[in-house]
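Subject: Structure handover

Hello,

Below is the structure I said I would pass on. My notes on it follow underneath.

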Amino acid sequence: MAKITRIKASDGPRDDKPADHIDEPPITREKVVIKDKKTEKSAKAAKKAEKKKEREVKNADSKKVFVLFRPFVALGRYLRDSWREIRQVRWPNRKATWKMVLAVIIYTALFVAIISLLDIFFTWLFSLIIK
């Protein structure tokens, strides 16, 4: 980040004022920080990288689990991740659920009818061939 010192001209005593204004405060200097987007982005990226390294170190320490406990740790992770996925599901309302149920029932009925017709046809065909 660039640091700029700004001097205000009206803060200090002026030469054209009479001598009774000598008690005025001296010139003040303020430090003004101008944010540079490139350096700000690089600083954020550096912080993210540092946090990521810390997490990796932390995870590396937590991955050192006794051999007998590894299946339980894996099961715990599976359950935790499954719960996170279930929370992200957008469940349908009652009307949409009934529409889907009816669609499944209709599809099943059509499929049963097609399979039954094919079965009747092939039974008739094989009975014709065998006789």
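How much area does the protein chain expose, and what share of it do carbon and sulfur atoms supply? The protein chain exposes about 13,200 Å², and 65% of that comes from carbon and sulfur atoms. Accessible areas are from the Shrake-Rupley method with a 1.4 Å probe, and for residues only the protein chains shown count as cover.

This is a predicted model, in which local features need pLDDT of at least 70 and side-chain atom pairs count only at pLDDT 80 or more, while totals for chains, interfaces and linings use all residues. Residues are numbered from 1 along each chain as its sequence is written, and side-chain values use heavy atoms, with hydrogens and water left out.

Confidence is given as pLDDT (the predictor's confidence in each residue, from 0 to 100). The protein chain averages 81, and 72% of the residues score at least 70. The mean is lowest in strand β2 (residues 29-34), at 64, and highest in α3, at 97.

The protein chain has 3 helices and 2 strands, in the order β-β-α-α-α along the sequence. Both kinds of element are DSSP runs numbered from the N terminus: helices are H or I with at least four residues, strands E with at least two. Of the 131 residues, 1% are buried. Buried means under 20% relative accessible area, exposed over 50%, and partly exposed in between (1.4 Å probe, protein chains only).

Next, the aromatic rings. A search of the whole structure finds 4 aromatic pairs. One of them joins F121 and W124, which are tilted, with 6.2 Å centre to centre and 35 degrees between the planes. Rings of Phe, Tyr and Trp (its six-membered ring) pair if their centres lie within 6.5 Å; planes under 30 degrees apart are stacked, over 60 edge-to-face, and the rest tilted. F121 and W124 both lie in helix α3 (residues 94-130), 3 residues apart, about one turn of the helix. Ring pairs link F121, F122, W124 and F126 into a cluster. F121 counts as partly exposed because its relative accessibility is 41%.

These four residues also belong to a nonpolar surface patch with about 1,300 Å² of accessible area together, whose members include Y107, F111 and L118. Patches take residues with over 30% relative accessible area and no salt bridge, joining like charges within 9 Å and nonpolar side chains (Val, Leu, Ile, Met, Phe, Trp, Tyr) within 5 Å. Y107 is in helix α3 and, at 56% relative accessibility, is exposed.

The structure holds 1 salt bridge (a side-chain nitrogen of Lys or Arg within 4 Å of a carboxyl oxygen of Asp or Glu). R80 forms it with D81, the closest N and O atoms being 3.5 Å apart.

Regards
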